[in-house]
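Colleague: Got a minute to go through this one with me? I'd like to hear the reasoning behind the labels.

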Amino acid sequence: MINVGVIGVGMIGQDHIRRLTHVLSGARVAGVADVDLDRASAVAAGLSEGRVFESGEKLIADAGVDAVVVTSWGPTHEAYVLAAIAAGKPVFCEKPLASTADACSRIIDAEVATGRRLVQVGFMRRYDAQYRAMKSAVHSGEIGAPLLMHAAHRNPSVPPHFTSDMIINDSAVHDIDVARWMFDDEIASVAVLKPRQNRKAAAGLDDPLVLLLEMAGGVLVDVEVMLNAAFGYDIRGEVVCEDGVVELSESAGVVVKSAGRHAGRIPTDWRERFVRAFDVEFQEWLDDVAAGAEPTGPSSWDGYAATVVCDTGLAALRGGGREPVLLREQPELYRRAAASR
Ligand code: NAP
């Protein structure tokens, strides 16, 4: 049984605690920490053996914690991930790995210095059955080489504090990771186009946006990101190859045919759409931890690259042009990890 400590017990922290406690096998939540001690105590009260730690650092250092989950506010991630690396403990960090490229780089340096991967980043779409089937089809060779990907990321609505930066950093970051993972390639440049504003968008919010991602190998990916789609949470994807196309289907569920129409359910939000992906993501991470193996999921390099591409996207949004993505040299540790996948 792996004793997991969770730092940050807000919305997604509590959801991961539910999954670790009631859905998955091989782990128990041994302790929690949060800047809001009352919230941490309330969450711990619902656990059979969960302890409350005064700080994330104390949780990481505790001998009763084998592995760490970081689900606190993004700007706090770097310190906790570095502390877990220093303690030699596996750490699952929700996206973003850290909120600046420099901070991600410091994590990479610390992890590389240990000689082994300890960090996994929470890009859960890689665990979605549809995306996995799409990647298998693209790489099977049966429909030829990929040329283009069309993607759409439509949210029904967003809270009032949502800014145009967050459209890229919080929403499009998932599509950016999917593009890198789908084609096992880096993004070479980003351009951002601004269509007419959705009348439901708050003043000053660039909604929708279209991102154009040019992969180093020449595949072109366009991503529509819409924050006020109203009708539901709608994730689209289609990869166009030389001899065929592969498309995400509508979400799992039944289709009702009646009165000359057919209808199916549209998820209300990302939790509903990706609930299984989160479960698979965590179970695979736990299985790696239990085996004493390096994590096989998204790495610190993936977290770093996503942050650099988001920064580049923001520069493109402000400048209106096509911006090159400038990555540091990839350390051998991550080349080895990618090759073994
Ligand atoms: P949230 O509800 O605000 O929860 C964050 C929690 O961390 C809050 O309880 C917050 O307390 C606490 N916290 C803040 N600073 C802390 C610190 N220094 N040490 C310990 N705890 C601290 O946010 P959330 O929506 O759960 O998001 C958490 C993270 O998950 C974010 O990085 C977000 O991007 C990521 N996320 C990923 C996905 C995905 O699709 N993979 C989806 C949702 C969220 P206060 O409220 O008192 O500040």
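**Two domains and a ligand**

Modeller: Sure. The domain assignment splits the protein chain into domain 1 (2–124 + 276–299) and domain 2 (126–269 + 304–324). Keep in mind that this is a predicted model.

Colleague: How far apart are the centres of domain 1 and domain 2?

Modeller: Over C-alpha atoms, the centres are separated by 27 Å.

Colleague: How do you know that domain 1 and domain 2 are in contact?

Modeller: The cut-off is heavy atoms within 4.5 Å. By that rule, 19 residues of domain 1 are in contact with 14 residues of domain 2.

Colleague: And what area do domain 1 and domain 2 bury between them?

Modeller: About 1300 Å², with 62% of it on carbon and sulfur atoms. On the domain 1 side, Lys95, Phe123 and Met124 lose the most area to domain 2, together 41% of what that side buries.

Colleague: Why is the meeting of the Lys95 and Asp170 side chains called a salt bridge?

Modeller: The rule wants a side-chain nitrogen of Lys or Arg within 4 Å of a carboxyl oxygen of Asp or Glu. Lys95 and Asp170 are at 3.5 Å, N to O, so the pair qualifies. Across the interface of domain 1 and domain 2, the rule finds two salt bridges.

Colleague: Which elements supply the side of domain 1 that touches domain 2?

Modeller: α5 (101–114), β6 (119–122) and α9 (275–290) each supply at least two residues. By class, that side has 10 nonpolar, six polar and three charged residues.

Colleague: Lys95 again: what makes the peptide bond from Lys95 to Pro96 stand out?

Modeller: That bond is cis, with omega near -5 degrees. Pro96 sits in the loop between β5 (91–94) and α5.

Colleague: Where is Pro208, and what is the peptide bond from Asp207 to Pro208 like?

Modeller: Pro208 is in the loop between β8 (187–193) and β9 (209–215). The bond from Asp207 is cis, with omega near 5 degrees.

Colleague: On to the ligand. Which residues around the ligand come nearest?

Modeller: Of the 24 residues around it, Met11, Ile12, Asp34, Arg39 and Tyr80.

Colleague: What makes Met11 a polar contact of the ligand?

Modeller: The limit for a pair of N or O atoms is 3.5 Å. A backbone N or O atom of Met11 lies 2.9 Å from a ligand oxygen atom, so Met11 counts. His174 brings a polar side-chain atom to 3.2 Å from an oxygen atom of the ligand. For Gly122, a backbone N or O atom lies 3.4 Å from a ligand nitrogen atom.

Technical notes. Residues are numbered from 1 along each chain as its sequence is written. This is a predicted model: local features need pLDDT of at least 70, side-chain atom pairs count only at pLDDT 80 or more; totals for chains, interfaces and linings use all residues. Side-chain values use heavy atoms; hydrogens and water are left out. Domain bounds come from an automatic or database domain assignment. Buried area is the accessible area (1.4 Å probe) that two parts lose on being put together, summed over both. Helices (H or I, at least four residues) and strands (E, at least two) are DSSP runs, numbered from the N terminus. Ala, Val, Leu, Ile, Met, Phe, Trp, Tyr, Cys and Pro count as nonpolar, Asp, Glu, Lys and Arg as charged, and the others, Gly among them, as polar. A residue is near a molecule or strand if one of its heavy atoms lies within 4 Å of it. A polar contact is a pair of N or O atoms within 3.5 Å; within protein, one must be able to donate a hydrogen and the other to accept it, and residues adjacent in sequence count only if both atoms are side-chain atoms.
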